[in-house]
Amino acid sequence: TRTPVNVTVTGAAGQIGYALLFRIASGHLLGPDVPVNLRLLEIPQGLKAAEGTAMELDDCAFPLLRNIEITDDANVGFAGANVALLVGARPRTKGMERGDLLSANGGIFKPQGKAINDNAADDIKVLVVGNPANTNALIAQAAAPDVPAERFTAMTRLDHNRAISQLAAKTGAAVSDIKKLTIWGNHSATQYPDIFHAEVAGKNAAELVNDEAWLADTFIPTVAKRGAAIIEARGASSAASAANAAIDHIHTWVNGTAAGDWTSMGIPSDGSYGVPEGIISSFPVTTKDGKYEIVQGLDINEFSRTRIDASVQELIEERDAVRELGLI
Ligand code: NDP
């Protein structure tokens, strides 16, 4: 039998945490034959609710779930962690300036990065979900100098999945027929969902759609503003789809992309496609044996270049702001 994998979830008592934990425990994160230990990290006010969720997890009698630990101490929460899902974050509240948002989140992600550095397993993989996810990932990564930088990633998989779904609806194809879609840049309103290299049942998506106005005025804004549309409709922010994307991100990172396809991940840039080295930006990546690689050699047209540059510019500004605040 396999040794259990230690999975740490922060913000475990929140909406996304609630949608996420049951799927991790039932084997969707790592596979149907991989046992897991769950570590739930919360702030003190969240501990009681996390205990309630843990009771429900017990009551599912999941065969793969070995044990659950609940803590508000990051050093305990990340002890021996192989996978860390950083979901808990400080949301933007009314009237909050960007600097306030970044410094509030710095207060969460800097100590968590240090705790990962000091306590996690050597093979630790980190996914940041809590917003602003890319820059929170950068803060955590900077606080973990002993962990290879590429282990810190930010989630753009929900944007990726949303874009696939929109493109499938537009073309009448099945979602499984859509390949090689890319989200570039920041997980924010500036993100760029790129269909110029995407395929719909083997045909080039942009040629098939052949409608730049739809791209610019419908597709891109629908994907970028989907979160707000869900809040409007549901009266609460997306949680199950965000949890699903977190599962997809880690599952793909660990188990690999399919031949002839790629995915989108926010990762530390190596300078590819003119994205400054070090910032955590979304790229097209293939994964294999627990490692990812940026897809190289894609032709970037004028339409795409402008949009990638705009999103990357926002990431540069966020990086400069957290640098100024002494967070990196
Ligand atoms: P959610 O579980 O709904 O969201 C958590 C984070 O995920 C938010 O930052 C949210 O950003 C982000 N997020 C990223 N993508 C999406 C998406 N597509 N849709 C929705 N959210 C997305 O928040 P809750 O308030 O329900 O729960 C947060 C929990 O975290 C609380 O239990 C709190 O106690 C805990 N917490 C724990 C910390 C810790 O462990 N140290 C620190 C801070 C909080 P956005 O707000 O922009 O939507």
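In this predicted model, residue E199 stands opposite N204 of strand β11. The pairing belongs to a contact between strand β10, residues 199–200, and β11, which run antiparallel and are joined by two bridges. Both strands are part of an open sheet of three strands, arranged in the order β7-β10-β11 with antiparallel pairing. The edges of this sheet are formed by β7 (178–179) and β11 (203–204), each of which pairs on one side only.

A further set of antiparallel pairings involves strands β12, β13 and β14. Strand β12, residues 263–268, is joined by six bridges to strand β13, residues 280–288, and the two run antiparallel; within this pairing, S264 of β12 stands opposite P284 of β13. Six of the six residues of β12 are buried, so this strand is largely enclosed by the rest of the structure. Strand β13 is also joined to β14 by four bridges, again in an antiparallel arrangement, and the bridge partner of T286 in β14 is E293. Together β13 and β14 form a hairpin with two residues between them, and D289, located in the turn, has a positive phi of about 50 degrees. In a regular strand the side chains alternate between the two faces of the sheet. In strand β14, residues 291–294, the covered face carries Y292 and I294, whereas K291 and E293 lie on the uncovered face.

The nonpolar interior was examined next. The largest nonpolar core comprises 73 residues, and those with the most contacts inside this core are V7, I24, L85, L167 and I195. Helix α10, residues 240–255, supplies the largest share of the core, namely seven residues. Apart from this core lies another, made up of 26 residues, among them L41, F109, I116 and A140. When neighbours within four places in sequence are left aside, L85 is in contact with V7, T8, V9, T10, L20, I24, L127 and I250.

The surroundings of the ligand consist of 24 residues, of which Q15, I16, E42, L158 and S238 are the closest. Backbone atoms contribute to the polar environment of the ligand: an N or O atom of the Q15 backbone lies 2.8 Å from a ligand oxygen atom, and a backbone N or O atom of L41 lies 3.4 Å from an oxygen atom of the ligand. A side chain takes part as well, since a polar side-chain atom of Q112 lies 3.1 Å from a nitrogen atom of the ligand. Taken alone, the ligand exposes 920 Å², and 77% of that area is buried by the protein.

Helix α5, residues 133–142, has nine of its ten residues buried and is therefore largely enclosed by the rest of the structure. The buried residues of α5 are A133, N134, T135, N136, A137, L138, I139, A140 and Q141. The elements that cover these buried residues include α4 (98–119), β5 (125–128), β6 (152–154), β13 and α11 (302–324).

One of the residues that contact α5 is I328, which is placed in the segment after α11. With neighbours within four places in sequence left aside, I328 is in contact with L138, I139, A142, R319, V322 and R323. Although I328 and A142 are 186 residues apart in sequence, their C-alpha atoms are 5.5 Å apart in space. At a relative accessibility of 33%, I328 counts as partly exposed, because this value falls between the limits of 20% for buried and 50% for exposed residues.

Two polar residues of the loop between β8 and β9 complete the description. Residue Q191 lies in this loop, which connects β8 (182–184) and β9 (192–194), and N186 is found there too. Q191 has a relative accessibility of 3% and therefore counts as buried; N186, at 2% relative accessibility, likewise counts as buried. The side chains of Q191 and D159 are joined by a polar contact of 3.0 Å. Not counting residues up to four places away in sequence, Q191 touches D159, I183, W184, N186, I220, V223, A224 and S311. For N186, leaving aside neighbours within four places in sequence, the contacts are N134, Q191, S311, E314, L315 and E318.

Note on methods:
Residues numbered from 1 in each chain as written. Predicted model: local features only at pLDDT ≥ 70, side-chain atom pairs only at ≥ 80, totals over all residues. Heavy atoms only, no water. Buried < 20%, exposed > 50% of the residue type's maximum accessible area, 1.4 Å probe, protein only. Pairing = 2+ DSSP bridges. Core = buried A, V, L, I, M, F, W, Y, C linked by side-chain atoms within 4.5 Å. Contact = heavy atoms within 4.5 Å. Near = heavy atom within 4 Å. Polar contact = N/O pair within 3.5 Å; in protein donor to acceptor, adjacent residues only side chain to side chain. Areas by Shrake-Rupley, 256 points an atom, 1.4 Å probe, with all protein chains shown as cover.
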